[in-house]
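Visitor: I would like a close look at the enclosed and open spaces in this model, with some care over what surrounds them. Please take me through the part in one connected account.

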Amino acid sequence: MKIINMKKFILLLIVISSVSIVKSQQLPQVTQYMENNYAINPAIAGMDDYYQLKTTVRNMWSGVDGAPKTTILSIYGRQKENAGIGGMVYSDQAGATSRIGGNVSYAHHFSLSSTLKMSLSLSAGFLQYKLIKSQFYFPDADDALLSGADVVKVVPDAIFGVNAYAKNWYVGISIPQLIGNNIDFVNPNDTNDITGEGKLLRHYYVLGAYKHNLNPFWSIEPSLLLKNMSTSTQFDVGVRATWDDKLWFGTGYRNNGDISALAGYSIQERYIIGYSYDMPSSELGASHEFVLGIRFIPLREEEIIPAK
């Protein structure tokens, strides 16, 4: 094999490893999925009768070079009685790979009984996958393989979601990467007989939560996020306690052994700030995650007309 072919083969191995940095996790991982649940299942849009704007910023494995960094921005809500709409953009960078995606969604809601409703949703958008050549390492910094622009691939993307809900609970299933695209990382005009592509596997998510009111001031909310793809299954379980619909704190467990602690505060029911700290089971550093949100709740009568 020619030296250039061997180098290209090495580069391909790096690419494939980057696509599946964690084979069981091609999509961004978050801890505070209860706060930005639309990012998990688009059928959530319209479950509440107001719009919400949420952003999640996550830095994994503090102190590790090239560790994953994720930013998610979503807006969603009820458009009319039986319809919810939403949209999301996200950025996820890990090492030499970068993913930028965006989508918009529509959810149709209908009643199963006087207390139980269901929604079906379809989200459509795009995914841009980039290989950042400056992040690759070769002994020869002037290697021809590192010259030229970064490798950028753009493919269509879709998510299907279904969600059943009542006053104090919801549970739903979503299928991200519904299309299951292949991303070809090698120029088809290349004559070096090296080919390779990464498969965007379908994921299957189950997301649910139940809010139990202990008394007029305190409530407790257990939650579950189950993630499955063809190679593995991962689950997150969590529980949080909330005081007066303002202050909350809780903990979570991931089946890889990670444990998280989280806390947050709501100002006038409209402005939300949350923080979580993940303690990994391995020697990797801790992960930090922030959530900021705005709920566009209509003003109440007492807020419009001050009491005399």
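How much space lies in the largest cavity?

Guide: This is a predicted model, and in it the largest cavity holds about 240 Å³ of space. Its lining is made up of 18 residues, and those closest to the centre of the cavity are Leu27, Pro28, Ala39, Met88 and Tyr205. Sorted by class, that lining comprises twelve nonpolar, four polar and two charged residues. As for the secondary structure around it, strand E3 (83-94), strand E6 (151-165) and strand E12 (218-229) each contribute at least two residues to the lining of the largest cavity.

This cavity belongs to a set, since a search of the whole structure finds eight cavities of 30 Å³ or more. The second largest cavity contains about 110 Å³ of space. It is lined by 17 residues, of which Thr31, Val237, Gly252, Tyr253 and Ser260 are the closest to its centre. Two or more residues of this lining come from each of strand E13 (232-243), strand E14 (247-254) and strand E15 (259-267), and E13 provides the largest share, five residues. By class, the lining of the second largest cavity divides into seven nonpolar, five polar and five charged residues.

The open space can be described in the same terms. The largest pocket has a volume of about 1,100 Å³, and among its 35 lining residues Asp48, Tyr50, Lys167, Lys211 and Arg295 lie nearest its centre. The lining of this pocket has 14 nonpolar, seven polar and 14 charged residues. Strand E1 (51-59), strand E2 (69-80), strand E7 (169-175), strand E10 (204-210), E12 and E13 each supply at least two residues of it. Two of these strands have already appeared: E12 also gives at least two residues to the lining of the largest cavity, while E13 also gives the largest share of the lining of the second largest cavity.

E15, one of the strands that line the second largest cavity, leads on to the strands that follow it. E15 and E16 pair in the antiparallel sense over nine bridges, and within that pairing Ala261 has Tyr277 of E16 as its bridge partner. The two strands form a hairpin with three residues between them, and Gln268, which sits in the turn, has a positive phi of about 55°. E16 also pairs with strand E17 (residues 287-296), again in the antiparallel sense, here over eight bridges, and the bridge partner of Tyr271 in E17 is Ile294.

The side chains of strand E16 (residues 271-279) alternate along its length. Ile272, Gly274, Ser276 and Asp278 point to one face and are buried, whereas Tyr271, Ile273, Tyr275, Tyr277 and Met279 point to the other face and are not buried. Tyr277, the bridge partner of Ala261, and Tyr271, the bridge partner of Ile294, thus both belong to the face that is not buried.

For the setting of these spaces, the protein chain contains two helices and 17 strands. Of its 308 residues, 44% are buried. Among contacts with a separation of 6 or more, 53% are between residues 24 or more positions apart. The chain exposes about 16,100 Å², and carbon and sulfur atoms supply 61% of that area.

Terms used
Residues numbered from 1 in each chain as written. Predicted model: local features only at pLDDT ≥ 70, side-chain atom pairs only at ≥ 80, totals over all residues. Heavy atoms only, no water. 1 Å grid on protein atoms, 1.4 Å probe; cavity = no way out; pocket = protein on both sides within 12 Å on 5 of 7 lines; lining within 4 Å. Points joined across faces, edges and corners; volume = space filled by probe spheres on them. Helix = DSSP H or I, 4+ residues; strand = E, 2+ residues; numbered from the N terminus. Nonpolar A, V, L, I, M, F, W, Y, C, P; charged D, E, K, R; others polar. Buried < 20%, exposed > 50% of the residue type's maximum accessible area, 1.4 Å probe, protein only. Pairing = 2+ DSSP bridges. Contact = heavy atoms within 4.5 Å. Areas by Shrake-Rupley, 256 points an atom, 1.4 Å probe, with all protein chains shown as cover.
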